[in-house]
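Me: I have a structure to go through. Can you take my questions as they come?

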Amino acid sequence: MTRFMFPEIGQFSLILALFFAVALATLPMVGYFRQSRLLLNTARPLTHIMVCLVVIAFLLLAWAFITDDFSVLYVSQNSNVDLPLRYKFSAVWGGHEGSLLLWVLILALWCLAVALRLDSLPQTIGPLVLSVLGWVASGFLAFLLFTSSPFVRILPDVPTSGGDLNPLLQDIGLILHPPILYMGYVGFSVAFAFAVVALITGNLNAYWARWARPWTAAAWASLTLGITLGSWWAYYELGWGGWWFWDPVENASFMPWLAGTALLHSLVVTEKRGVFKSWTVLLAIFTFSLSLLGTFLVRSGVLTSVHAFAADPTRGVFILALLVVLVGGSLLLYALRAGQVRSSVNFGFSGREAWLLLNNILLSVLTLTVLLGTLYPLLFDALGMGRISVGAPYFNAVFGPIALCLMVFMAIGPFSKWHHTKLASWWIPILGAALLSMGLAATIVFWQTFDWLTWCSLSVAFWVMSMTLLDWFNKQFMAGKQRLNQWRTLPSRYYAMVIAHFGMAISLVGVIMVSVNSHETMLKMSPGGQAEVGGYVFVFDSMELIKGPNYLSDRGHFQVYQQGHLVADLHPEKRFFTTRQQVMTEAALGAGFTRDLYLSLGEKLEDGAWGVRIHIKSFVRWIWLGGLLMVLGGMLAAFDKRYRQKRKKA
Amino acid sequence: MKRIVLFLPFLVFLVLGVVFYFLLGKDTQYMPSALIGQPVPQFQLVTLKGEQIKQTDDLPKGSYLINFWGTWCPSCHVEHPYLMTLAEQGVTIIGIDYKDQQAAARQWLRDKGNPYTLVLMDELGQFGLDMGVTGAPETFVVNAEGKIAYRLQGVLNAQSWQVIKAYL
């Protein structure tokens, strides 16, 4: 009967973890002000113990799910005997309590990563960074324990089967999406910790930027991957073929991404040129605050959305308090300390600093655009003017042009030199690339009869691609008057930039094509019937009834022909989940490099006919392909050799 | 001067914090209907029993509830017993059998009891469309002046009744 103790052990290790987190938050801090090496050195062991305890708690919860321990309330709400094993495991973060534990686990793992790399940091900085992370960990552990413990029991009446996991979440995309997204969210806490330490020590030189860069890049790459996965999941799981909805919860992850992108670029300038120091610190605080705000918005029920899984006002108050302490505290610290910083280096209007400043301004404007769009309904409501919702039209109208503008400059930035660029030396290639991309875009637009807006956007995408390649070619072969066949090894961080920028352009092509070149119809089809959509013939072969582990399903068999050749077999489903009495649409996809065939079942009509929704999605994969390239770029930047040197022993 | 500028992010954050605080307690699920303050839209529907045609003029005088339900809707099973309780307390409820089949609906009312003073069939969902219904169950409060006063999406139960009562 020992197994019945496990949830209590889990709860207990969380309580212990909280104690160690609080110790981590205070002891090294006291050590710094008292100049006690002994206290500073406690940071590493304290971190190790805290991480172990959190890992134990997480594994015990996972164990409760795997062994169907329905005496645990959270397990009984989110799992079921019939649930396949992989979903039992992913159900650990299927609800509020568990996803918060996952949040804490990932924070702990980031702490561990910092603790392991402690040797590459100066002796006072490393422990202080861990200590600031300890503050964040204490806050979230307290939140977990006081408002949403996943280990609460329902005794003595233990349910026998459990309420089942939300069918929307029973999918491979959702096994991976939250952990990776959280890696990104929480990862920015490291950059935040570096910034706060820089403020505490008053040591706002360029070094902190150098230390923070790889961490920021790693967090950024995870967040990019998380958002990409989320968008892909929404595309095939939600059944209406969209890939981005400007939903408040999506925006909550998108805002830290935008701010994080700005931070990534501004850290470069601070490291290399020692300018924008105080701005970069603010941006680091801002990025992590937006991650926290995201958590708050999703978890407090302040906003309604398709994603809002838990809504509980007391939790909301707690997260708000946490936000006030962490964000308010750091902003206050910033206000008190940042005045001491003076940037002495000047820069010209044509230098790379200026381009990166422009990048930062535009990205900040974009972040504020999304923030305003997300919070506007809340502010409107708070002023007692009723409820409204700001939808996609606002975001598309405001966000689109600014983002395009940003991408125009994105192509020029890498070309420029620090401090000052001689315009004469690069206007010819730029003009060439511009004409080439506009020409190419015009050809496509003329051939496919799109409008001028499409032409504009396509030109920008081609412009970024051609300029990125041109810049690479220049740096690879032309610099230093070498001969054309001499191969130089460019640093991997340069390739990181090239790949990420290229990925952005590829995503843009996907976004444009999917919005102008897609076909969509809703038809009534009976078995044996066929329909033609966008040059493809869809033949409805038959329907069958199948039984899954925890659902019953109507499955359709469709064949798709293009010019007489079979191109895809599609099997869309309509699943009825028996425990939750919920119906889910499983769309069928015929994936392709230049187009996706997307078929989902609608309502069952009389005499065996079905409403069938057919989409032909042009270039939709490119959106995620570009995302993956950006991730690759981010990873390359994070693992650049330059950041891996250890501190020289004095 | 520069010092004051540095406090700006902090102050903006404080304002946001206060706004959030006041928003926390609110019920975000509540979406008002565009029809609030308007009379019930024109309709011509057939009654479930007796198959008579009823129009807007045939609606009762005084305040009442309009409840959209269907035998296909699991939440309506949950809601039904509470509707019975309300009917016993003397609340007038007009039932709209929404996108449903006549035989199944009759069987349902025979099995579970009938809380409705009048049940109208909205087989095609046209009246539901005019009322802006997004799914069943949904309940509208019509006040004594014949105007729509409140809309509830989802199950009517003891908790939501506390809110609804005030609009009758």
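Me: Which residue follows α2(B), and what is the sign of its phi?
Reply: B:Gly90 follows α2(B), and its phi is positive, near 95 degrees. This is a predicted model, where local features need pLDDT of at least 70, side-chain atom pairs count only at pLDDT 80 or more, and totals for chains, interfaces and linings use all residues. Residues are numbered from 1 along each chain as its sequence is written, with chains lettered from A and ligands numbered from 1 in the order in which they are written.

Me: Where does helix α2 of chain B bend?
Reply: At B:His80, by about 35 degrees, and B:Pro81 follows within four residues. The bend is the angle between axes fitted to the seven residues ending there and the seven starting there. Helices (H or I, at least four residues) and strands (E, at least two) are DSSP runs, numbered from the N terminus.

Me: Which residues of α2(B) are buried?
Reply: B:Cys76, B:Glu79, B:His80 and B:Leu83. Buried means that 20 or more other C-beta atoms, placed from the backbone, lie within 10 Å of the residue's own.

Me: And β3(B), how many of its residues are buried?
Reply: Six of its six. B:Tyr64, B:Ile66 and B:Phe68 point one way, and B:Leu65, B:Asn67 and B:Trp69 the other.

Me: What does β3(B) pair with, parallel or antiparallel?
Reply: Five bridges join β3(B) to β6 (residues 138-142) of chain B, antiparallel, and five join β3(B) to β4(B), parallel. Strands pair if DSSP finds at least two bridges between them. B:Asn67 stands opposite B:Thr139 in β6(B), while B:Trp69 has B:Asp97 in β4(B) as its bridge partner.

Conventions
A residue is buried if 20 or more other C-beta atoms lie within 10 Å of its own, exposed if 12 or fewer, and partly exposed in between; C-beta atoms are placed from the backbone.
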